[in-house]
Amino acid sequence: MIVEPASHLRVSDSAAGSRGPEHRFAARTLAALTFLGGLVGSVNLFVDGTLHEGATRTFYVVAMVACLVAAALLTVRQRAGRWTTFGLVLLGDLVYVIVVVGVSQPGYVPPLVLLFPAFVAAWFLGPWMVGASMLATAVACWVAMVHTYDGLVLIAVQAAVNAGVLAAACLGVYVLRRRVQRLLAATQALSHQDPLTGLANRRYLIEQAPRVWRQARREGSRVAAMVLDLDHFKRLNDTHGHAAGDAVLKAVAVSLSATVRPSDVLARVGGEELIVLGLVSDPAEAGRLAERLRTAVAASRTADGHSVTASIGIALSSPVDGETAADAMWRLVDRADGAMYEAKQAGRDRVVAVLPRQRTVRLQDNHPMPGTVSSDPA
């Protein structure tokens with residue numbers, strides 16, 4: 001269900017934990033950069049006099065191998081979750097410390113090298129992980145300065161300057177990323193949202209069809225499509241003006257949003273026509289839900305006292321292997337649309353359902369105008 005506030009339409013976080021193609025690309029990029037860092041760092045192993053001998057050289061070899069292994073794992077897995085990325089950032093800081101300690105020339109590896117893990121942390125990680133990576137960067141800078149400068153004050157000043165610049169760059173990228181995410185979320189919300197009512201639109205309905213069909217297969221449920229058309233809406237517009245019609249649509253949207261179940265998809269697909277897509281166990285459950293929707297529409301009022309009723313058509317379907325969810329959804333909606341027109345012809349303000357068996361069932365015994373369930377020859 002999508003209700004009026006745009007905040008209900010969210011874009012997923014850009015952390016590399018998802019399995020979409022853009023996140024597979026991010027994982028491959030991280031793997032390539034990690035591999036490149038390990039490969040370039042390994043060159044020092046073959047240059048005489050670059051590294052200290054002994055244990056430090058061993059640690060250096062282990063660090064380069066760790067980079068190559070991490071790159072290989074990323075390439076195989078094709079995804080990098082938030083914790084994996086956090087580990088890569090800390091590995092980058094640790095490798096920098098090992099390189100600084102391992103090389104024989106002080107200042108050979110400047111703290112600028114830490115820009116890579118700082119930017120990765122800023123773009124992919126959450127707030128506390130970014131903070132932890134910035135702390136690790138400060139420690140790494142301190143270790144580098146200890147091996148480069150003499151005197152505690154000079155070391156502290158240089159470590160603070162380098163760590164401060166890296167932290168500022170990290171924060172800048174992090175703020176930029178959050179801004180981009182907010183813009184993407186707003187753009188996605190607008191592309192999925194009907195601007196007048198705040199309900200979902202046709203695009204969102206189509207995008208949700210695969211999820212509904214998967215859930216129906218998993219739970220062994222039926223998919224119900226309910227087409228609602230507001231009765232005499234054109235007459236309302238002609239008599240009271242389009243502003244009154246818009247107000248009625250907004251009031252109906254609020255009432256329906258409060259009535260549908262959280263798992264249902266409520267969308268305005270055009271004019272005064274709305275669609276509810278959801279899962280039911282049997283036709284009786286679909287009928288009860290449709291009757292609640294009909295009652296909610298009839299009870300909605302604008303500030304000027306305008307109201308409408310709705311004619312509702314229902315169609316049910318069980319998912320079939322090999323079918324395309326979007327195509328199956330529109331076939332189901334077409335059947336529900338036909339039932340809705342039967343409700344119109346029968347007197348409006350009622351529910352008519354298309355069922356797979358030849359039978360007629362009264363759905364609204366307590367309603368002054370009895371609703372019916374018509375048969376579906378298919």
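A salt bridge is a side-chain nitrogen of Lys or Arg within 4 Å of a carboxyl oxygen of Asp or Glu. The model used here is predicted. It holds eleven salt bridges.

**Exercise 1.** Decide why Lys-234 and Asp-238 count as a salt bridge, and place the pair in the chain.

*Solution.*
1. Take the distance. From N to O, the side chains of Lys-234 and Asp-238 are 3.0 Å apart.
2. Apply the cut-off. The 3.0 Å distance is within 4 Å, so the pair counts.
3. Locate the residues. Both lie in helix H8 (residues 233–240). They sit four residues apart, about one turn of the helix.
4. Check accessibility. Lys-234 has 58% relative accessibility and counts as exposed. Asp-238, at 56%, counts as exposed too.

**Exercise 2.** Find which parts of the chain the salt bridge between Asp-321 and Arg-217 links.

*Solution.*
1. Start with the contact. Asp-321 and Arg-217 meet at 3.8 Å, N to O.
2. Place each partner. Asp-321 is in the loop between strand S4 (310–317) and helix H11 (325–345). Arg-217 belongs to helix H7 (residues 202–219).
3. Conclude. The residues are 104 apart, and the pair links distant parts of the chain.
4. Add accessibility. Asp-321 is exposed at 71%, whereas Arg-217 is partly exposed at 37%.

**Exercise 3.** Is Asp-264 buried or exposed? Name its salt-bridge partner as well.

*Solution.*
1. Read the relative accessible area of Asp-264: 0%.
2. Buried means under 20%, so Asp-264 is buried.
3. The partner is Arg-261, with the closest N and O atoms 2.8 Å apart.

**Exercise 4.** Which residues are linked with Lys-344 in a network of salt bridges?

*Solution.* Asp-229 and Asp-231 are linked with Lys-344.

Note on methods
Residues are numbered from 1 along each chain as its sequence is written. This is a predicted model: local features need pLDDT of at least 70, side-chain atom pairs count only at pLDDT 80 or more; totals for chains, interfaces and linings use all residues. Side-chain values use heavy atoms; hydrogens and water are left out. Helices (H or I, at least four residues) and strands (E, at least two) are DSSP runs, numbered from the N terminus. Buried means under 20% relative accessible area, exposed over 50%, partly exposed in between (1.4 Å probe, protein chains only).
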